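Visitor: I would like to learn how to read features off a model. Where do we begin?

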Amino acid sequence: MDLAGASAPSLRIDGVSKRYVSDKLALDEVRFQARSGEFVVLLGPSGSGKSTLIRLIAGIETLDSGEIAFDGKTVARAGKHLPPEERDLAMVFQDYALWPHMKAVENVAFALRRLKMGASERRRMALEMLDRVGLAANAEQYPNDLSGGEQQRVALARALVAKPGLLLFDEPLSNLDADLRERLRVEIASLTRECGSTAVYITHDQSEAFALADKIGVLHAGRLVQYSTPEALYTAPETPFVARFTGLAGELPGYIESWIGDDTVVVRIGDTRVTAHAGSLDRSQLGGNVHLLIRTAAASVAQATGDIDRPATNELDGTVCDVAFRGRGYDHVVEVSNGHRLVGVFGAERLDRGMQVQLVLDPTGCFAFGDADAGVATTPVVESRSLASLSSLAR
Ligand code: ADP
């Protein structure tokens, strides 16, 4: 079955806001654009607004302000709302949402009910699509007789069979176990691209997002805080939240000792120096406290050499606290001299607990953010009651 043929729309989300009942905005002026055929993943923790945004795109929810347009044609703005069935889209849900009283093939054929074709042609296409997702043998079974993974394949077949222009995925893998999740992820990626549809996929799982996306949008408390390629997100996170949510070995406090060019700083940490991306820092912050955020892939570990010229730039002394075998090598938890810990630090050799080691940092995966940006109080917070007792002591 040739899946291509969908006329995939470009997607424009322009200043979209949504408030439910409370004062809190579920979505706050979200804007981004997806090109025709692009695979967009919206990534964020629970409560960040992912479901609200995908439901607005689907037309299941109405927006308060802003605009949603497919191929330049408005489908939603205040006072205008095109219903889901008029948006040429299909959605795959976390809980599969299959009709329990219909067999697998009937569930899939149901998606073709609005197209001008006979029942036997609908059935033929549904069977072909089930074959594509590896379920030809299960076509006559009811959802309750299928495993979770099989039910999600039926749901995927149902979404793809009518070749919709826009495919929406609402955390489709989160109810499946790890091995199945990985296999179905690969199938979603290849079938969606074969179909040519524009896709929007929501998840809280950063590895899923990086594996699937042409573009990732990170949501934090209803706001889209970064929208870029997975590579740009990984190598140049714009905020500490984005860096933390997309995988860090850990964070170390230090101060800016000097600048190299416009976008690199030298951070002093104890008796060593680490070069790092300057991020949103500016030169007026020279000497100021920063947090050095370190990507997992940027940290590696080797046995300490006892070299008298050390510590060299981008190297820190540490002690192994834990080690875990990972097949291709070992992940270590390393405590550096100031008591901070880095996790998931790779080493080809096993370095045992208690060993003195040398932590080597790759500057391309190190980001310096000012303490205020990093969400760390720059001055200790002292309650007024404590201040009162302090002043009475001082008398
Ligand atoms: P996510 O999908 O990232 O977990 P949601 O879009 O479900 O986030 O929720 C965003 C915010 O909107 C949360 O604060 C949530 O409590 C709130 N919210 C979501 N749905 C409703 C609703 N139907 N009524 C009231 N508040 C809601």
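Guide: This is a predicted model. Start with one salt bridge: the side chains of D14 and R31 meet at 3.2 Å, N to O.

Visitor: Where in the chain do D14 and R31 lie?

Guide: The two partners come from distant parts of the chain, 17 residues apart. D14 sits in strand 1 (residues 11-19), and R31 sits in strand 2 (residues 25-34).

Visitor: Are D14 and R31 buried or exposed?

Guide: Neither extreme applies. D14 is partly exposed, because its relative accessibility is 29%. R31 is partly exposed too, at 46%. Buried would need under 20%, and exposed over 50%.

Visitor: How many salt bridges are there in the whole structure?

Guide: A search finds 26. Take R35 and E38, whose side chains meet at 3.4 Å, N to O. R35 has 57% relative accessibility, so it counts as exposed. E38 has a relative accessible area of 5%, so it is buried.

Visitor: What about a salt bridge inside a helix?

Guide: Look at R185 and E182, at 2.8 Å, N to O. These residues are three apart in helix 5, so about one helical turn separates them. R185 is buried, with a relative accessible area of 13%. E182 is partly exposed, at 42%.

Visitor: Which residues do salt bridges with shared partners join into one network?

Guide: R12, D14, E29, R31 and E67. Our opening pair, D14 and R31, belongs to that network.

Visitor: Now helix packing. How is that described?

Guide: Two packed helices are described by the angle between their axes and the distance between the axes. Here, helix 4 (residues 148-160) packs with helix 5 (residues 178-195) at an angle of about 10°. Their axes are 12 Å apart. That angle makes helix 4 roughly parallel to helix 5. The cut-off for that label is an angle under 35 degrees.

Visitor: Which residues of helix 4 and helix 5 meet?

Guide: Helix 4 contributes G149, Q152, R153, L156 and L160. Helix 5 contributes L180, L184, E187, I188, L191 and C195. By class, the contact has seven nonpolar, two polar and two charged residues.

Visitor: Next, the strands. What general pattern should I keep in mind?

Guide: In a regular strand the side chains alternate between the two faces of the sheet. For a case of pairing, take strand 18 (residues 330-336) and strand 19 (residues 341-347). They run antiparallel, joined by five bridges. V334 in this pairing stands opposite L342 in strand 19.

Visitor: How many residues lie between strand 18 and strand 19 in the hairpin?

Guide: Four. In the turn, G339 has a positive phi of about 90°.

Visitor: Which residues have a positive phi without being glycine?

Guide: Two cases to inspect are A97 and A221. A97 has a phi of about 50°. This residue lies in the loop between strand 7 (89-92) and helix 2 (104-110). A97 counts as partly exposed, because its relative accessibility is 37%.

Visitor: And where does A221 lie?

Guide: A221 is in the loop between strand 10 (215-220) and strand 11 (223-228). Its phi is near 50°. A221 is exposed, with a relative accessible area of 54%.

Visitor: Which cut-off puts A221 in the exposed class?

Guide: Exposed means over 50% relative accessible area. A221 has 54%, so it passes. A97 has 37%, so it stays in the partly exposed class.

Technical notes:
Residues numbered from 1 in each chain as written. Predicted model: local features only at pLDDT ≥ 70, side-chain atom pairs only at ≥ 80, totals over all residues. Heavy atoms only, no water. Helix = DSSP H or I, 4+ residues; strand = E, 2+ residues; numbered from the N terminus. Buried < 20%, exposed > 50% of the residue type's maximum accessible area, 1.4 Å probe, protein only. Pairing = 2+ DSSP bridges. Axes fitted to C-alpha atoms, helices over the stretch in contact; angles between N-to-C directions. Parallel < 35°, antiparallel > 145°, perpendicular 65-115°, else oblique. Contact = heavy atoms within 4.5 Å. Nonpolar A, V, L, I, M, F, W, Y, C, P; charged D, E, K, R; others polar. Salt bridge = Lys/Arg side-chain N within 4 Å of Asp/Glu carboxyl O.
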